[in-house]
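Could you walk me through this model in my viewer, one selection at a time? I would like to know what to pick next and what is there.

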Amino acid sequence: LIRTLYDPACGTGGFLTDAMNRVAEYGSRFQALPVLIPYGQELEPETHAVCLTGMLLRTLESEPGRDLSRNIKLGSTLSNDQYSNDRFHYCLSNPPFGKKWEKDSSAVNAEHTEKGYNGRFGPGLPRINDGSMLFLLHLAGKLEHPEKGGGRAAIVLSGSPLFNGGAGSGESEIRRWLLEQDLVEAIVALPTEIFFRTGIATYLWILSNRKPEHRKDKVQLINAVGLWTAIRNEGNKRRIIGDDQMRQVVDVYASAEDSELSRMLDYRRFAYRRIRVLRPLRMSLHVNAETMVRLMGEKAWIKLKPTQQAAWRRALEPLQGTVFPYAWAESFAGEAARKDPAIGKLNKTFIKALTTAFGVRDPEGEPVIDSDGRTVPDTNLTDYENVPFLEDIRDYFAREVLPHVPDAWIDETFVDKKDKAVGQVGCEINFNRFFYRYEAPPKLEDIDRELKRVEAEIAALLGEVTE
């Protein structure tokens with residue numbers, strides 16, 4: 001049984017070597033020992049040389065003459081994929097966290113634009129300050145075709161790829177594509193402080209393009225943050241996941257059931273629709289000294305000839321201190337232009353300048369209606385709501401929005417680019433939402449009792465000092 005193993009950021013080859021050693025341990029259980037053929041690519045020349053040396057010294061029992069070092073390439077995986085036409089049965093990777101990908105940006109952007117979904121980065125691009133999600137997409141495109149046995153990948157990432165970016169962002173679109181393609185099999189939340197150079201929370205994403213039937217359209221979340229054993233401090237590494245704890249995680253994963261540490265979830269539970277909520281513009285027009293100053297600062301006013309400006313002043317002077325409805329501006333401008341030829345030809349830009357300069361929001365006023373009879377939205381009151389994907393947006397709107405702002409409505413023009421439905425689709429994976437347990441705060445009398453106990457201890461210690 002020959003299987004290919006690939007690491008796109010292989011470093012010194014630790015993942016490749018450990019995986020091959022791990023498989024070798026199972027040799028006695030099979031008539032024929034499974035053979036893993038390693039492939040890797042590394043950016044840094046020094047670490048590449050170490051990996052190369054390790055593979056030069058390693059041989060396959062079934063094929064001693066094979067040179068494994070030929071499969072370890074040097075260069076940037078993102079901008080110079082040296083296995084562009086290859087797919088693999090297994091992929092492992094621990095790409096750098098929070099590393100900018102600006103050096104690869106020209107090639108990555110070109111592939112995204114020119115190849116689209118025929119390339120690796122079709123779904124979207126993350127922000128330039130963290131390229132780890134590019135490796136996630138890269139591995140998804142490296143899985144062996146299902147008809148050839150399929151592929152599986154495991155990649156260690158920080159927490160950012162779970163939730164960075166709102167609906168429509170590159171990060172959200174990457175998550176959306178992975179979920180809609182049913183490639184995410186499981187995500188394991190790992191303990192903190194298990195790596196040498198960082199103590200941040202990390203997550204193990206497991207991808208597969210050949211899920212068994214009971215896992216189709218589902219994602220398993222495993223909360224393993226409490227499964228660790230303390231060790232002597234080595235840099236930021238203060239914990240390890242022991243053998244028994246590894247077995248526990250594997251057993252939880254294999255069971256594929258809901259439990260204290262596991263949730264089997266419909267992938268659509270991670271999606272939402274971001275709807276735009278509009279409210280009517282309520283505004284009246286106030287003609288006074290202050291708003292006249294605002295009018296004179298408008299570009300449309302500045303562009304007028306001095307004779308036109310004087311004509312408008314003559315028309316507005318008798319109206320000082322008067323409040324008009326919003327629709328007054330257009331009718332007033334038309335009448336003023338007819339009465340005074342010096343005003344010249346009227347244009348909509350100047351009418352807009354009048355409403356901008358004289359307009360004062362009035363929460364109690366009547367909604368402004370445009371010339372087509374439609375309610376004009378107030379851009380200052382525009383808001384957004386994230387509606388769970390499996391819930392009807394109108395039911396949500398009636399329950400969560402209208403009781404608080406009865407005059408609001410959903411912007412039907414704000415639609416998703418892909419499915420054309422109202423509301424932009426976003427995806428985020430929030431572990432806390434599914435594993436949070438409410439713990440009631442201690443009672444006041446318990447807090448008071450504890451304070452008195454501590455005070456007594458302090459008083460006793462002070463008494464010993466003064467004796």
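Here is a short tour that goes from the whole chain to a sheet, a single residue and a helix.

**Stop 1: the whole protein.** Keep in mind that this is a predicted model. Show everything as a cartoon, and you should find 15 helices and 18 strands. The radius of gyration is 32 Å, well over the 23 Å that the globule rule gives for 467 residues, so the protein is more spread out than a compact globule. Along the principal axes, the C-alpha atoms fill a box of roughly 100 × 80 × 45 Å. Buried residues make up 42% of the 467. If you switch on the surface, its accessible area comes to about 26,400 Å², with 52% belonging to carbon and sulfur atoms. Among contacts with a separation of 6 or more, 74% link residues 24 or more positions apart.

**Stop 2: a sheet of 3 strands.** Now select 283-287, which is β13, together with 322-325 for β14 and 359-361 for β15. They form an open sheet in the order β14-β13-β15, with antiparallel pairing. β14 and β15 stand at the edges with a single partner strand each, so one side of each has no neighbour in the sheet. On average, neighbouring strands here are turned by 40° against each other, direction ignored. Zoom in on β13 and β15, whose antiparallel pairing runs over 3 bridges. Leu285 is a handy marker, as it stands opposite Gly359 in β15.

**Stop 3: Ser284.** Stay in strand β13 and pick Ser284. Is Ser284 buried or exposed? It counts as buried, because its relative accessibility is 11% and the cut-off is under 20%. Show side chains, and you will see that of Ser284 making a polar contact with the side chain of His286 at 3.0 Å. Beyond its neighbours within four places in sequence, Ser284 is in contact with Val323, Phe324, Phe358, Gly359, Val360 and Asp362.

**Stop 4: helix α12.** Phe358 from that list leads to the next selection, residues 348-358, where Phe358 is one of the buried residues of α12. The others to colour as buried are Phe350, Ile351, Ala353, Leu354, Thr355 and Ala357. What covers them? Add α8 (289-296), α9 (299-302), α10 (306-316) and α11 (328-339), which are part of the cover along with β13 and β15. Finally, go to the start of α12, where a side-chain oxygen of Asn347 reaches to within 3.1 Å of the backbone nitrogen of Thr349.

Definitions and conventions. Residues numbered from 1 in each chain as written. Predicted model: local features only at pLDDT ≥ 70, side-chain atom pairs only at ≥ 80, totals over all residues. Heavy atoms only, no water. Buried < 20%, exposed > 50% of the residue type's maximum accessible area, 1.4 Å probe, protein only. Helix = DSSP H or I, 4+ residues; strand = E, 2+ residues; numbered from the N terminus. Contact = heavy atoms within 4.5 Å. Polar contact = N/O pair within 3.5 Å; in protein donor to acceptor, adjacent residues only side chain to side chain. Pairing = 2+ DSSP bridges. Axes fitted to C-alpha atoms, helices over the stretch in contact; angles between N-to-C directions. Rg over C-alpha atoms; globule rule 2.2 N^0.38 Å. Areas by Shrake-Rupley, 256 points an atom, 1.4 Å probe, with all protein chains shown as cover.
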